[in-house]
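User: Could you take a close look at the charged side chains here and how they pair up, and then at the metal site? I'm in my first year, and plain words would help.

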Amino acid sequence: MPRPLVALAKWGKIYNPSYLYNTKDMSKEPIILSIETSLDDTCAAVTRGTSVLSNVVSSQTSYHASWGGTVPDIAKRLHHEWLPRVVDRALSQAGSPKLDALAVTIGPGLAPSLEQGIAYCKLLATKYQLPILAINHLEGHLLSSFATNKNGKGSSLARHSFSDGVALGFLISGGHTELVLMENIGGYELLGETLDDAAGEAYDKVARLLMLGYPGGPILAEMAKIGTPKYHLPEPMTMRKDLSFSFSGLKTAARQYLECEKPELTQEFVQDFSASFQKTVFKHLMTRFRRALDLYSPAMILLGGGVVSNVELRNLARSTAKEYGLKTYIPYSKKLISDNAAMIGVVASFKYTRGEFSNPASLDRLPNLNFDKVSSLL
Ligand code: KG4
Ligand code: ZN
């Protein structure tokens, strides 16, 4: 199949477009090596189409924990040191297949972290004469439910077409909380996002106030499972009838309660306070979720982002969607929910088929990359 002209134009001067044009079969399922270094996980994966052949995540968490957050200089140094080994492992776990392309996260994220992944990807592109696909990390989370394992098993989403109508994506991570309308793969509109902190960020900050360590979000969630939501924390933005989120007021209310009341941080208190915080977070998330369902009548729901690891949240989103007669999709494994490179490979496979390659000469990080906003916000 001939490559679309637009893709050839994007390809630029560094490589000869005819090299791709002559040798690539754009209709086959491409084998892609993907690199993801948007924050503090050094990740590489090999995918064939949307099948995950390997998915290596090397977490830097323990190096940042004593600082209470990600330290950009440390993240940059570790990505630089670890990338060659992480990439080699991803390739060997996949059986060292012949690659069709490389993919890399270009944003959003921490600039020094993104730069390391992009620089290494360019190095590999030159060495192996492979084209590069530039990927939005948020699209990775959004499409992570399309991933299947080596045997083609995943969520039944892999067989979905958008003929039934639009999909509603709900991204809930450490850096983003967004409702996204999907008309098709590649066609997205940002319906609403957080005006300040992201949901995962609020979990981590309140966990720190409760002395639960870093990143404390998952620990707080474990505490919440056992606790009773006895404490009143105000639901954010009840007066605002749009699809935006806010979590910093909730975090401040939690801090003020702890500073004024000075409760002893007994296990029972921490469990009950965590349950109270989580209940309020869920209420805020579900108010906006329901509003989006009412306004946009989607045909299905896609959940993505690290906070979706929270089983209670997943169940709540599922049962809410079920009230509307809708099915909710989540990635088939926990590893695909938090940051990983296989989700980048899934997006890359769709971009490959559309011939959307990047010019390595102008490929650069976009730390604030997002989806385009809907033109008429509510
Ligand atoms: O998507 P992700 O891995 O990284 C970003 O792109 O931000 O999300 C990480 C976030 C962290 O804030 C972490 O505390 C939160 O996801 N998280 C959770 C749970 N597991 C991870 N939050 C609530 N409940 C959980 N079980
Ligand atoms: Zn993420």
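Analyst: A salt bridge here is a side-chain nitrogen of Lys or Arg within 4 Å of a carboxyl oxygen of Asp or Glu. The idea behind it is simple: side chains of opposite charge can pair when their charged atoms come close. Keep in mind that this is a predicted model, where local features need pLDDT of at least 70 and side-chain atom pairs need 80 or more, while totals for chains, interfaces and linings use all residues. Residues count from 1 along each chain as written, chains are lettered from A and ligands numbered from 1 in written order, and side-chain values use heavy atoms, without hydrogens or water.

Let's start inside a helix. Glu81 pairs with Arg77 in a salt bridge, and their closest N and O atoms sit 3.4 Å apart. Both residues belong to helix H4 and are four residues apart, which is about one turn of that helix. (Helices are DSSP runs of at least four residues, H or I, and strands, E, of at least two, numbered from the N terminus.) So are these two tucked away or out in the open? Glu81 has a relative accessibility of 41%, which makes it partly exposed, and Arg77 is partly exposed too, because its value is 45%. The cut-offs are under 20% for buried, over 50% for exposed and partly exposed in between, with a 1.4 Å probe and protein chains only.

Now for a pair that reaches across the chain. Lys28 and Asp100 meet through their side chains in a salt bridge, 3.2 Å from N to O. Lys28 is in the loop between helix H2 (17-23) and strand E1 (31-36), while Asp100 is in the loop between helix H4 (72-93) and strand E4 (101-107), so this pair links distant parts of the chain, 72 residues apart. Have a look at how much of each residue is covered. Lys28 is partly exposed, because its relative accessible area is 35%, whereas Asp100 has just 8% and therefore counts as buried.

Further along you'll find Glu356 and Arg354, whose closest N and O atoms are 2.8 Å apart in another salt bridge. Glu356 is partly exposed at 24% relative accessible area, and so is Arg354 at 29%. Salt bridges can also share partners, and that is how Asp197, Glu201, Lys205 and Lys251 get joined into one network. Across the whole structure there are 16 salt bridges.

On to the metal. Which residues hold the zinc ion (ligand 2)? Its protein donors are His137 through NE2, His141 through NE2 and Asp339 through OD, lying 2.0 to 2.1 Å from the ion. (Donors are N, O and S atoms within 2.8 Å of the metal, or 3.2 Å for Na, K and Ca; sites may look incomplete because water is not among the atoms.) Read along the chain, the donors of the zinc ion (ligand 2) follow the spacing H-x3-H-x197-D. His137 sits in helix H6 (residues 137-143) and Asp339 in the loop between strand E10 (328-329) and helix H12 (342-354), so the pair ties together parts that are 202 residues apart in sequence. How covered are these two? His137 is buried, because its relative accessibility is 6%, and Asp339 is buried as well, with a relative accessible area of 17%.
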